[in-house]
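This report introduces one protein chain to a reader who has not met it before. Please look over the sequence and the structure before reading on.

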Amino acid sequence: MSRTALFLAPLALFVSSATVRGEEPLDFGRDVRPILSAHCFHCHGPDEQDREAELRLDVRASALDSGAIVPGDLANSEVVARITSQDPDVVMPPPSVKKRMTPAEIATLKKWINGGAEYEAHWAFVTPKKPAVPEVKHADRVVNPIDAFVLAELEKRGLGPSPEADRETLIRRVTFDLTG
C-alpha cells in the first residue's frame, strides 16, 4: 500500500486544493495577508521610517485601536471606506502608487472584516502539531500513517484503494523512473 500512497498523496493534495475558493472559509495567511502586504504594509506596516499616519495594519491591536478595522462592521471600518473611495485624496492605496486593488481583493477584505478580521501568525512562527491519524475501513492496507491519510481521503470521496501491483508492473515502473 505504501507505493500506492506515494502516488496518491500528491493527487489527493491537488484535488483538495482545487476546491472552489468561494466555498472555503477565508484563511488570513493565504487570502488576506498577501493583499495587505501588496497594498498596505509599505506605508502601514512594520517599518517605522516608512509608516504613515501612525497606522499599523500588520498588528491587529493597532488596526483595531485606530478604528481602521472594526470587526464585523464594514460601515465603520475606515479601511473599507478608503479602499472603496473614488476620491483621489482619500482612496487607498493612493493613485500615486499606481497599484489599485482589484474588485476581488476588495471583496476578500470585506468578507474578512465581516467575519471578525482575525489575524494569524505567519506559518513560519506557528509550532507544527502532529495531526491525529484517521481511522479507515481498510486498516489492513495501512503500512504507515501516510497510508491512513490517503485512504481516509479516498473513502471520503467514495473510492477505494487499488489492488497491489504485481512484480512485473513494479519492475516496469522502477525502470521508467530510472530511464524516463
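## Overall build

Among contacts in the chain between residues at least 6 apart in sequence, 44% join residues at least 24 apart. The model is predicted.

The chain contains 8 helices and 0 strands. Read from the N terminus, its elements follow the order α-α-α-α-α-α-α-α.

## Surface and interior

The chain has 180 residues, and 28% of them are buried. Its accessible surface is about 12,500 Å². Carbon and sulfur atoms account for 58% of that surface.

## The largest pocket

The largest pocket holds about 460 Å³ of space. It is lined by 21 residues, and those closest to its centre are Cys43, His44, Leu55, Met92 and Pro94. By type, the lining consists of 13 nonpolar, 4 polar and 4 charged residues.

Three helices each supply at least two residues of this lining: α2 (28-39), α3 (41-44) and α5 (78-84). The most comes from α5, which gives 4 residues.

## Cysteines

The structure has 0 disulfides. Cys40 takes part in no disulfide, and the nearest cysteine sulfur to its own, that of Cys43, lies 9.0 Å away. A disulfide needs two cysteine sulfur atoms within 2.5 Å, so a pair at the distance given for Cys40 and Cys43 does not count as one. Cys43 is likewise in no disulfide, its nearest cysteine sulfur being that of Cys40.

Is Cys40 buried or exposed? Cys40 has a relative accessible area of 9%, and is therefore buried, since the cut-off for buried is under 20%. Cys43, its partner in that sulfur distance, is also one of the residues closest to the centre of the largest pocket.

## Lys110 and its surroundings

Lys110 sits in helix α6, which covers residues 103-114. The relative accessible area of Lys110 is 30%, so this residue is partly exposed. That class lies between buried, under 20%, and exposed, over 50%.

Which residues does Lys110 touch, leaving out those up to four places away in sequence? They are Leu74, Val80 and Thr84. Val80 and Thr84 fall within the range of α5 (78-84), so these contacts of Lys110 link α6 with α5. Val79 also belongs to that range. Its C-alpha atom is 9.2 Å from that of Lys110, and the two residues are 31 residues apart along the chain.

Terms used. Residues are numbered from 1 along each chain as its sequence is written. This is a predicted model: local features need pLDDT of at least 70, side-chain atom pairs count only at pLDDT 80 or more; totals for chains, interfaces and linings use all residues. Side-chain values use heavy atoms; hydrogens and water are left out. On a 1 Å grid over the protein atoms alone, a cavity is a set of points where a 1.4 Å probe fits but cannot get out, and a pocket is an open set with protein on both sides within 12 Å along at least five of seven lines; lining residues have an atom within 4 Å of a point. Grid points are joined across faces, edges and corners, and a volume is the space filled by probe spheres set on the points. Ala, Val, Leu, Ile, Met, Phe, Trp, Tyr, Cys and Pro count as nonpolar, Asp, Glu, Lys and Arg as charged, and the others, Gly among them, as polar. Buried means under 20% relative accessible area, exposed over 50%, partly exposed in between (1.4 Å probe, protein chains only). Contact means heavy atoms within 4.5 Å. Accessible areas come from the Shrake-Rupley method with a 1.4 Å probe; for residues, only the protein chains shown count as cover.
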